[in-house]
Amino acid sequence: MATPKKNQASPAPEPPPSGPMFFRGILGQERVLGHLRAAWKAGRLAHAYLFLGPQGVGRESVARALAAALNCTQPLPEWDACGECPACRRMLAGTHADFLVIRPTSEHRQPQIKIGQIRDFRKLTAYPPMEGGWRVALIKPAEDMQPEAANALLKTLEEPPARHLLILAAASETELFPTIVSRCQKFLFAPLPSVLVIRELQARRGLSREEAVFLTALSGGSLGRALALDPGELAQQRRQVLEDLEKLASGSPAAAVAWAHRLAKNNQELDHFILLAQMWYRDLLVRHSGGAHRLLAHQDSLAALEEEGKRGGPETWFASFGALAAAHRQLQANLNQELTLDILGFRWQRQGLHHESR
Ligand SMILES: [Zn+2]
């Protein structure tokens, strides 16, 4: 059989990956790894997997480790890549010809995985894997496939070529065609336990325990997200949040409107404001009910928590937390941001942030 030209249909080269490359380096996700290893041992690996879960919990790392294990020439007994054979070395360098990552291109405003990318991949599947093992393709995020691209991919899912494995990574299945979902075996990737994220942040970034706890509390169990956060910047944002809350509690309606106007202009600041403020009220409630120090997200701000704890009480904190949660839901539903924040500001002013009787 003819072999494809080396440059045919290959996606743009990727920089060598920074995350774990092998099953033994994956954090958490034991259930997923257990299923994959059992399927391999029984000779029952699926042709296509759908990895569902939030960003930064290991979907891409597991895909890469799976490709490495399938292509390793001297796999370890528990089924993991050896890390030393030529195939493993190419995986490590990000140059293995049979591991492909199909990502959105952003020539247009909205990043999309286009039909041309899927067509190129389908052309490649007419040939056996170049290095004699398995060809593994990761499509991420699968939600970014244009409808025509998804339709083209469906043909591959309906007639899976031998020694090919497709992995679709998505946050949830709601934005995928049901016809695609039904042809993949699903795995749910859970958020990582806090203790793992804290340990990794300390080991990889040399953070203090308090800093690592703070970032982990804001990461929602995503190591990727925690690694991308800057502790100095977040501490600065927290100071701003506490100042804002103080001003809102005692200020005029004009102050609330100005605050809403400022925050509505910056999505990231808005996200962090809501998260930081929610964690703040949560910590006040934890302390009030005698919870252990280690349960606090803001362990590095005990003095400020103490002071606030003397001024307010649980009724106000519950109400403030509830107001934040309601605003968060409305913001996620894409209601008018500034209007939602105006109302949040007024609610706070009405109830007073600190004193039950204000
Ligand atoms: Zn190997």
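Reader: In what order do the five strands of the open sheet lie, and with which kind of pairing?

Author: In this predicted model, five strands come together in an open sheet, and their numbers follow the chain from the N terminus, whereas the order asked for is the one across the sheet. The pairing is parallel, and the strands lie in the order 2-3-4-1-5.

Reader: Which strands stand at the edges of the sheet, and why is one side of each left without a neighbour?

Author: A strand at the edge has a single partner strand, so one of its sides is left without a neighbour in the sheet. From one strand to the next, the twist of this sheet averages 20 degrees. The two strands at the edges are strand 2 (99-102) and strand 5 (185-188).

Reader: What is the bridge partner of Y49 in strand 5?

Author: Strand 1, which covers residues 48-52, pairs with strand 5 in the parallel sense, and four bridges join them. Strands of a sheet pair through backbone hydrogen bonds, either parallel or antiparallel. For Y49, the bridge partner in strand 5 is Q185.

Reader: Which residue of strand 3 stands opposite F99, and which residue of strand 4 stands opposite R135?

Author: Strand 3 pairs with strand 2 in the parallel sense over four bridges, and strand 3 also pairs with strand 4 (residues 164-170), again in the parallel sense, over five bridges. Opposite F99 stands V136 of strand 3, while the residue of strand 4 opposite R135 is H164.

Reader: How many residues of strand 3 are buried, and which of them point the other way from R135, A137 and I139?

Author: Strand 3 runs over residues 135-139 and is mostly covered, since five of its five residues are buried. In a regular strand the side chains alternate between the two faces of the sheet. In strand 3, R135, A137 and I139 point one way, and the residues that point the other way are V136 and L138.

Reader: Which helix joins strand 3 and strand 4 in a β-α-β unit, and what is the handedness of that unit?

Author: The unit is made of strand 3, a helix of residues 147-158, and strand 4. That helix is helix 5, and the β-α-β unit is right-handed.

Reader: What share of the residues in the protein is buried?

Author: The protein has 15 helices and five strands, and its C-alpha atoms fill a box of roughly 80 × 40 × 30 Å along the principal axes. A residue is counted as buried if 20 or more other C-beta atoms lie within 10 Å of its own. Of the 358 residues in the protein, the buried share is 34%.

Note on methods
Residues are numbered from 1 along each chain as its sequence is written. This is a predicted model: local features need pLDDT of at least 70, side-chain atom pairs count only at pLDDT 80 or more; totals for chains, interfaces and linings use all residues. Two strands pair if DSSP finds at least two bridges between them. Axes are lines fitted to C-alpha atoms, for helices over the stretch in contact, and angles run from 0 to 180 degrees between N-to-C directions. A residue is buried if 20 or more other C-beta atoms lie within 10 Å of its own, exposed if 12 or fewer, and partly exposed in between; C-beta atoms are placed from the backbone. A crossover is right-handed if, with the strands pointing away from the viewer, the path from the first strand over the helix to the second runs clockwise.
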